[in-house]
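Good morning, and thank you for joining this group meeting. I should like to take you through a structure that is new to most of us.

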Amino acid sequence: MGKDRLGGRPEVRLRQRVSDAADRYSWHGRRHGHKLRPRRRALIETLLPKLAVECPEGGGLDAAALFDSGKEDKKELWLEIGFGAGEHLAAQAQAHPDVGFIGCEPFVNGIATLLGLIEDRNLGNIRIYPDDARLLFSHLPEAGFERVFILFPDPWPKTRHHKRRLISPETLDHLARVMKDGGTLHFASDHMEYVRWTLDHVTRHPAFRWTASSAADWRRPRPGTPVTRYEKKATDRGLKPAYLTFCRRPRNTSEG
Ligand SMILES: C[S@@+](CC[C@H](N)C(=O)[O-])C[C@H]1O[C@@H](n2cnc3c(N)ncnc32)[C@H](O)[C@@H]1O
């Protein structure tokens with residue numbers, strides 16, 4: 001077996017033991033970029049194993065217990081899917097030390113960058129699922145999460161690739177299950193066709209409602225929200241992203 005870019009062992013060191021969900025999803029994004037610098041490689045070797053979320057075989061994950069160590073007890077759990085280089089996740093974690101964060105991202109270079117931010121800022125409230133979030137969903141507890149972030153997801157613009165999009169009826173069913181009543185799903189994109197796709201899919205789902213009451217609500221980011229790398233790339237090119245917030249309806253009035 002060939003050496004990988006971490007230098008020596010196959011990338012499987014990062015892979016979780018996952019359920020048979022792995023058979024249903026094929027990953028089409030990148031897992032590796034440029035060769036990791038020594039510090040980042042060391043963080044993958046030493047810090048990631050301490051922070052990585054493992055899916056129990058055939059069972060549910062006690063997400064709150066990931067943070068349950070006395071002073072680290074968390075009031076809320078927030079989930080970010082596709083955190084990229086982790087700048088949003090790290091800034092939110094720093095701003096909300098009483099919240100426990102789970103970030104999902106299969107791109108090793110992005111994970112390594114986030115680990116650098118965690119170490120530099122001494123952040124104790126982030127756990128990382130270093131793989132496709134869709135493999136984690138069925139292990140997450142029902143009604144566990146107050147907020148979910150999907151920021152600048154890959155738009156897969158070609159029609160034949162639309163089935164690769166993260167926003168899908170199946171993903172929304174999972175999010176509806178794992179989000180608390182009144183919890184919020186935050187989506188942003190500069191790809192307007194994907195924005196329309198998302199609005200269409202989420203507003204058709206019985207568990208969610210779009211919270212916007214005026215154009216300003218989706219044309220501007222929420223005040224104080226950390227800017228992501230892809231958001232900056234888009235605005236630097238003069239694009240105007242859309243920011244959609246959806247609320248998880250109370251269970252007793254939506255699906256009973
Ligand atoms: C276009 S980048 C945006 C990254 C970051 N959110 C930002 O705004 O800068 C999309 C990221 O989502 C990740 N991603 C795509 N599908 C994912 C999935 N199913 N689970 C976890 N991460 C995913 C990709 O690896 C990539 O890093």
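I shall speak about the ligand, then the aromatic rings, and then several individual residues. Please keep in mind throughout that this is a predicted model.

Let me begin with the ligand. Which residues come nearest to the ligand? Of the 19 residues around it, those are Gly 82, Glu 105, Asp 132, Leu 151 and Thr 228. By character, the residues of this shell divide into 10 nonpolar, three polar and six charged.

Two of the residues just named also reach oxygen atoms of the ligand with their side chains. For Glu 105, a polar side-chain atom lies 2.5 Å from an oxygen atom of the ligand. For Thr 228, the corresponding distance, again from a polar side-chain atom to an oxygen atom of the ligand, is 2.7 Å. Tyr 230 takes part through its backbone: a polar backbone atom of this residue is 2.9 Å from an oxygen atom of the ligand.

How much of the ligand's accessible area does the protein cover? On its own, the ligand has 590 Å² of accessible area, and the protein covers 92% of this. Two elements give two or more residues to the shell around the ligand, namely α6, residues 133–136, and α10, residues 229–236.

I turn now to the aromatic rings. The structure holds three aromatic pairs. One of them joins Trp 78 and Phe 149; the ring centres are 5.9 Å apart and the planes stand at 50°, which makes the pair tilted. This pair links distant parts of the chain, as Trp 78 belongs to strand β1, residues 76–81, and Phe 149 to strand β4, with their positions 71 residues apart. Are these two partners buried or exposed? Trp 78 counts as buried, at 2% relative accessibility, and Phe 149 is buried as well, with a relative accessible area of 5%.

Another pair consists of Phe 187 and Tyr 194. Their ring centres are 5.6 Å apart and their planes lie at 90°, so this pair is edge-to-face. Both Phe 187 and Tyr 194 are buried. Returning to the earlier pair, I would add that ring pairs link Trp 78, Phe 101 and Phe 149 into a cluster.

Rings also meet charged side chains in this model. Arg 164 lies over the face of Trp 156, at 4.8 Å from the ring centre. Similarly, the charged end of Arg 165 sits over the ring of Trp 197, 4.7 Å from its centre.

Next, I should like to consider the loop between α6 and β4, where β4 spans residues 145–151. His 139 lies in this loop. Why is His 139 called buried? Its relative accessible area is 4%, and the term applies because that value is under 20%. The side chain of His 139 has polar contacts with two backbone oxygens: that of Gly 59 lies 2.7 Å from a polar side-chain atom, and that of Pro 56 lies 3.4 Å from one.

Ala 143 lies in the loop between α6 and β4 as well. This residue has a positive phi of about 50°, although it is not a glycine. Ala 143 is partly exposed, with a relative accessible area of 25%.

A positive phi is found at Phe 152 too, where the angle is near 50° in a residue other than glycine. Phe 152 lies in the loop between β4 and α7, residues 169–178, and counts as buried at 9% relative accessibility.

Finally, I shall mention three residues at other positions. Asn 122 is found in the loop between α5, residues 108–121, and β3, residues 126–129. At 69% relative accessibility, Asn 122 counts as exposed. Thr 225 is in the loop between α9, residues 216–219, and α10, and is partly exposed, with a relative accessible area of 28%. The C-alpha atom of Thr 225 is separated by 8.8 Å from that of Ala 91, a residue 134 positions away along the chain. Val 99, by contrast, lies in strand β2, residues 99–104, and is buried at a relative accessible area of 4%. Between the C-alpha atoms of Val 99 and Glu 146, 47 residues apart along the chain, the separation is 9.7 Å.

That concludes my presentation, and I thank you for your attention.

Definitions and conventions
Residues are numbered from 1 along each chain as its sequence is written. This is a predicted model: local features need pLDDT of at least 70, side-chain atom pairs count only at pLDDT 80 or more; totals for chains, interfaces and linings use all residues. Side-chain values use heavy atoms; hydrogens and water are left out. A residue is near a molecule or strand if one of its heavy atoms lies within 4 Å of it. A polar contact is a pair of N or O atoms within 3.5 Å; within protein, one must be able to donate a hydrogen and the other to accept it, and residues adjacent in sequence count only if both atoms are side-chain atoms. Accessible areas come from the Shrake-Rupley method with a 1.4 Å probe; for residues, only the protein chains shown count as cover. Helices (H or I, at least four residues) and strands (E, at least two) are DSSP runs, numbered from the N terminus. Ala, Val, Leu, Ile, Met, Phe, Trp, Tyr, Cys and Pro count as nonpolar, Asp, Glu, Lys and Arg as charged, and the others, Gly among them, as polar. Buried means under 20% relative accessible area, exposed over 50%, partly exposed in between (1.4 Å probe, protein chains only). Rings of Phe, Tyr and Trp (its six-membered ring) pair if their centres lie within 6.5 Å; planes under 30 degrees apart count as stacked, over 60 as edge-to-face and the rest as tilted. A charge sits over a ring if NZ of Lys or CZ of Arg is within 6 Å of the ring centre and within 35 degrees of the ring normal.
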